[in-house]
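This report looks at how two protein chains meet and how they approach a DNA strand. Keep the structure in view while reading.

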2 protein chains.
Amino acid sequence: MKTQVIPNLSVDCVIFGFDGLELNVLLKERTLKDDKGNFIINDHTLTGHHVLKGETAEQAAQRILKDVTGFDNIFLNQFHTFSETDRLSSPKDQIWIKYLKQNTGLNIADHVISIAFYALVDTKKFRPDQQHQNVAWYPVKNIPELGFDHKRIMEKALESLRYHAKHEPIVFELLPEKFTLTELQNAIEAIFDIKLDKRNFRRKIQQVKYIIPLDEKQHGVAHKPANLFIFSWDVYERTKKEKLILPF
Amino acid sequence: MKTQVIPNLSVDCVIFGFDGLELNVLLKERTLKDDKGNFIINDHTLTGHHVLKGETAEQAAQRILKDVTGFDNIFLNQFHTFSETDRLSSPKDQIWIKYLKQNTGLNIADHVISIAFYALVDTKKFRPDQQHQNVAWYPVKNIPELGFDHKRIMEKALESLRYHAKHEPIVFELLPEKFTLTELQNAIEAIFDIKLDKRNFRRKIQQVKYIIPLDEKQHGVAHKPANLFIFSWDVYERTKKEKLILPF
DNA sequence: GCAAAAGTGTTCTCACTACACCCATGT
DNA sequence: ACATGGGTGTAGTGAGAACACTTTTGC
């Protein structure tokens, strides 16, 4: 029994990772050579796949993430659906689609609607190597050329991540379970591309009851070891209160 | 020549309207009677339609809004795509789908993915009457029973509207071009379901350069006529600056 | 002992809160 | 003249911004 795809529906995942210093995105190499070994295509794409029959978009996204990283239960957020009719129509993308059809039998429709998600992971948890389908981390500030409309998708993902990160404590999805305040500050600075004042930042964090200091310090660092903290979703849910923000 | 639909893709529009006092949603009646004239189905749905071949989701949404209200260029925001496999599987919805197939030839697939938009309009601009496909305004605070998964879609739309309204000056899409500060305050209060202090609100608005007082007052009101204001998207774009908001 | 990051306090400014009365118009 | 919403000021409080030095560890 063959699993059937819904031919005009796909899911693309923008996988963000934080390495303690920089915000990165996981990209897949896309290369195609002619008979003489010269590159016809040599760029990158997001990780994506078709939606299968009987599957929701969310399930498809989790499946893709599992395929790529080997992990379940990655934080995922659906942020936009791209339905432009010319999404796949650039000459390069057409060559690629033709190649896939000839070599893998995968049939990509003319007009594919893509439901896009972003995922947040701690880069240290997933270090891609050669088994990993030619994927690698690239810093958000220095993204290589992307195929299809993936540059657009990537930009919208970053915008949505920022939007979302202002309202809910999702930064912690980028950090290890136990983290230092400097790591937290770096993560926020990386997401928003800003610089914060260390003392003001720490004063603010002290007031937050769901960021809990542990009786535990860093080990093996060549400087004064930092205190470790954990984020408690439980305490967050119990103590959160909506603050009204007006756009002006 | 028949226009072709993409059978497994639809667009649903949550049309919000503001009447100066309350936030409303435009809903369509859905009724079906048996031979004896008893209601088999008597509830409401959002306005929606299939996506046509060669059309983007955004174009489909604009087309639906034009069909329903007669207006072009309505403010639209795509907020989520619903792909649950049981979206249309309740007994009532199945009866309705069967009825549509028999009576209109419209064939609705088992698994329809719906790209959902919300729209913002000034209620006074569009007052539905009997020509208008049995649509009517219902206050958001008192929504009748909805078919399919439209209650869920409606709730998510409201959540997204609130989210969005915190960051960008989209409230003005709900107001007439010239509005009073009380109307503006009422709109914000209706969106967020809160009460604001009049004096503090007005002090805040005074600082905002893109909400511009006119040399013009209300007419025909049985009280001191209010000053009228306009919103300038131009001034907004020129003067806006991102304020950093942390979720804690 | 030196390199490297951790950790810590004070002052100033400004935005948010709470609160009550007179004003201009239509009927 | 009266009903209706329009329009206004002040004092108190608290959060955010700017800013530099000492501490603790590994090597």
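The text below takes the protein interface and then the DNA surface.

**Chain B against chain A**

This is a predicted model. Chain A and chain B each give 40 residues to the contact. Together they bury about 3700 Å², and carbon and sulfur atoms supply 63% of that area. On the chain B side, the residues that lose the most area to chain A are Tyr163(B), Lys166(B) and Phe248(B), together 21% of what that side buries.

Several elements of chain B each supply at least two residues to this side, among them β1 (5-18), α1 (57-69), α3 (150-165) and α5 (198-207). By class, the chain B side holds 21 nonpolar, 11 polar and eight charged residues. Zero salt bridges are found across the interface. Polar contacts do occur there, with a count of nine residue pairs.

**DNA strand C**

Around DNA strand C lie 21 residues, of which Thr182(A), Lys198(A), Arg202(A), Asn227(A) and Val221(B) come nearest. Sugar and phosphate make up 41% of the strand atoms that come within 4 Å of the protein. The surface near the strand divides into 10 charged, six nonpolar and five polar residues. Both α5 (198-207) of chain A and α5 of chain B each supply at least two of these residues.

Three side chains have polar atoms at these distances from the strand:

| Residue | Atom of DNA strand C | Distance |
|---|---|---|
| Arg202(A) | phosphate oxygen | 2.3 Å |
| Asn200(B) | base nitrogen | 3.1 Å |
| Arg203(A) | base oxygen | 3.3 Å |

Arg202(A) thus pairs with a phosphate oxygen, whereas Asn200(B) faces a base nitrogen.

Key: Residues are numbered from 1 along each chain as its sequence is written. Chains are lettered from A and ligands numbered from 1 in the order in which they are written. This is a predicted model: local features need pLDDT of at least 70, side-chain atom pairs count only at pLDDT 80 or more; totals for chains, interfaces and linings use all residues. Side-chain values use heavy atoms; hydrogens and water are left out. Contact means heavy atoms within 4.5 Å. Buried area is the accessible area (1.4 Å probe) that two parts lose on being put together, summed over both. A salt bridge is a side-chain nitrogen of Lys or Arg within 4 Å of a carboxyl oxygen of Asp or Glu. A polar contact is a pair of N or O atoms within 3.5 Å; within protein, one must be able to donate a hydrogen and the other to accept it, and residues adjacent in sequence count only if both atoms are side-chain atoms. Helices (H or I, at least four residues) and strands (E, at least two) are DSSP runs, numbered from the N terminus. Ala, Val, Leu, Ile, Met, Phe, Trp, Tyr, Cys and Pro count as nonpolar, Asp, Glu, Lys and Arg as charged, and the others, Gly among them, as polar. A residue is near a molecule or strand if one of its heavy atoms lies within 4 Å of it.
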